[in-house]
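Trainee: I should be grateful for a close look at one part of this model, the open sheet, followed by an account of its surroundings and of the partner chain.

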Amino acid sequence: MVENIPGIIVQAMFLIFLIELVCRLAKKYRTAGVARILGIGVCLFGVLYIVFTAKRPPLFGPFEAGSYIILILLLLSAGNRRNTFFLINASVILGILVLQFAHPLGMNEDYYMYNNIWVILFFNLRLTAAGLFVHAAVLYLTYFFDPPDQPKSGHPCLGETGTTQIRTSEAGTTNIGPTDNGSLLKKARVRTLTGAAVYLCSEWSGSLWCLNWFGDSWQWSNGFFKASLLFLLVMLTCHLPPVPGRKRLFRTILGSCPGIFALWMIFFH
Amino acid sequence: MIQKLSSLKLTFYNLILMVFLLGTGVVLSRVYPQVFDAMNKILVIEWLKTAWSETPVPALWFVLLCLSAGLLFVNALCCTLTRQIQTAVRSGRIEKWLFFVLHCLFIMVLVCHGLILVKGHKQSHLSFFPGDGIGFKDRYRIEVSDVVFTDDVQILKMKKKEQRAFMTRENIHPKKNFAQVSLYEDTRLVENKRVIMLSPLRYGSVQVTVTRFVVDPKDGRIGVKMTITDNPLNMLFFVIYGLMILCLGLYIPLIAES
């Protein structure tokens, strides 16, 4: 029974978020909200189960990574009002759960280095950054599927510094309309940058771990290339040239890349 | 010319090229695992001297990657010193200055990355048993007087892949397993330390790292594999890297509010 707990948690979450998605499609928002709260509870239980069973925070592996990223996605979704956002958010969570089903579910094998602070920070912050990148991807997709009617005041444009910036007349409002779309893009960009900062903290810790283990701050390896690729994808989303940068599809694809790549790296590395 | 070199278009397309090159690196590291092992054992500049004739494909890939990174460096430098500084001076706003400083620090991180490839000293996977010693860089010498491994020695006798499952926090106690290492500079003892896993001996820029414990198959003696490095840039790299993250952390709330 105890060994099956990860499987039970993932199955329960799948069922709950499927109910939420169906309810949102059927416009039964109250039931969908209840399902979401229940989902948060089950996910939180899953993460706490990992912490107390393994006596460390979630680090990697399908069950640990998936549960932790889903919890981040759920917490970051607080404060959003758009139904489209929640539809995409629930779909992405279901997608992550499907990825979990595709792998053996269980706790990772223990390793004596998991007591080391730099090792813990490297793995856990990487998952946190992945959660932020996936959340940014959800925001970009919401922006794509729920576009502004007439972008009168809130629209993406290029900043003076050469970096893409978002200008809104009423930044931070939650009204649904053109201004909200501007703020949605701004939120997506801020989340991507926050993810980048967290990711760099993870890489910094990983470099220190590498230095203490191998004598080098970094090594030529498959993992190093993938980690650098993720950072380059983040850099790409922050350095869009004016012309392609104004195209919604292009912006959405590029903005979603770090989240998608982070998931691929975590589940298929 | 400076206009073109500092353009955002160049940044974007060069980043795409780097994504492609790193993606190729992922594939190459699977096709030529031994080549990438060799790159980690010695300084990359040393590796490159022989790689041209022995493994031209990874060597060419490496040169292209360096060129692309070099172009990113020039691009970032031109953009920072022309556009970004002007914007920061003109607006006087703190987020514009942070944006400028952030890019300056990124350029410095790139420089450190580049210099670490060519500067310093490195000797990897050296086996030491009690009583062994080695000299390096003409003036240093390390001696291993004792190696203590208190956990189950059978784990060390397993193959590397099998070891992983047994090296749990319950089975391995890193603080109790150590190599007693003495470092001499021109015959003068400058450091003596119990070197454990993940806690190397450091003296200035010299670092002596225990990478793993081993058993001599002939006589069953326990020894260690160690790596000796001397890279004065490591400390600088970590400080600049840390400052860059701090700068980004300060910049984010400002743009979120603006």
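Mentor: The open sheet belongs to chain B and has four strands in the order β2-β3-β4-β5, with antiparallel pairing. Strands and helices here are DSSP runs, numbered from the N terminus: E over at least two residues for a strand, H or I over at least four for a helix. Two strands count as paired if DSSP finds at least two bridges between them. The edges of the sheet are β2 (133–136) and β5 (188–195) of chain B, each of which pairs on one side only. On average, neighbouring strands of this sheet are turned by 20° against each other, direction ignored. Such axes are lines fitted to C-alpha atoms, for helices over the stretch in contact, and angles run from 0 to 180 degrees between N-to-C directions.

Before going further, the conventions should be stated. This is a predicted model, in which local features need pLDDT of at least 70 and side-chain atom pairs count only at pLDDT 80 or more, while totals for chains, interfaces and linings use all residues. Residues are numbered from 1 along each chain as its sequence is written, and chains are lettered from A and ligands numbered from 1 in the order in which they are written.

At one edge of the sheet, β2(B) pairs with strand β3 (residues 140–148) of chain B in the antiparallel sense, over four bridges. Within this pair, Gly135(B) stands opposite Arg141(B) of β3(B). At the other edge, strand β4 (residues 178–185) of chain B runs antiparallel to β5(B), and seven bridges join them. Here Tyr184(B) faces Leu189(B) in β5(B). The hairpin of β4(B) and β5(B) has two residues between the strands, and Asp186(B) takes a positive phi near 50° in it.

Further along chain B come other antiparallel pairs. Strand β6 (residues 201–203) of chain B is joined by three bridges to strand β7 (residues 206–215) of chain B, and the two run antiparallel. Tyr203(B) has Val206(B) in β7(B) as its bridge partner. In this hairpin of β6(B) and β7(B), again with two residues between the strands, the phi of Gly204(B) is positive, near 60°. β7(B) also pairs with strand β8 (residues 222–230) of chain B, in the antiparallel sense and over nine bridges. Val214(B) has Gly223(B) in β8(B) as its bridge partner. Six residues lie between the strands in the hairpin of β7(B) and β8(B), where Gly220(B) takes a positive phi near 75°.

Turning to the partner, the secondary structure of chain A comes to nine helices and two strands, in the pattern α-α-α-α-α-β-β-α-α-α-α along the sequence. Of its 269 residues, 50% are buried; a residue is buried if 20 or more other C-beta atoms lie within 10 Å of its own, exposed if 12 or fewer, and partly exposed in between, with C-beta atoms placed from the backbone.

Helix α2 (residues 29–54) of chain A has 26 residues and, at 1.5 Å a residue, should span 38 Å; its end C-alpha atoms are 37 Å apart, which agrees. The expected span is 1.5 Å times one less than the number of residues. Among the buried residues of α2(A) are Ala32(A), Gly39(A) and Ile50(A), and the buried residues of this helix pack against α1 (5–25) and α3 (62–76) of chain A. Lys55(A), which follows α2(A), has a positive phi near 55°.

Val134(A) lies in helix α5 (residues 117–145) of chain A. Val134(A) is buried because 28 other C-beta atoms lie within 10 Å. Leaving aside residues up to four places away in sequence, Val134(A) touches Ile69(A), Leu73(A), Val92(A), Gly259(A), Ala262(A) and Leu263(A); contact requires C-beta atoms, placed from the backbone, to lie within 7 Å.

Between the chains, 42 residues of chain A are in contact with 48 residues of chain B. On the side of chain A that touches chain B, α6 (178–214) and α7 (222–238) of chain A each supply at least two residues, and α6(A) gives the most, with 13 residues. The residues of that side divide into 24 nonpolar, 13 polar and five charged; Ala, Val, Leu, Ile, Met, Phe, Trp, Tyr, Cys and Pro count as nonpolar, Asp, Glu, Lys and Arg as charged, and the others, Gly among them, as polar. In α7(A), the buried residues include Phe224(A), Leu229(A) and Val234(A).

Key. Contact = placed C-beta atoms within 7 Å.
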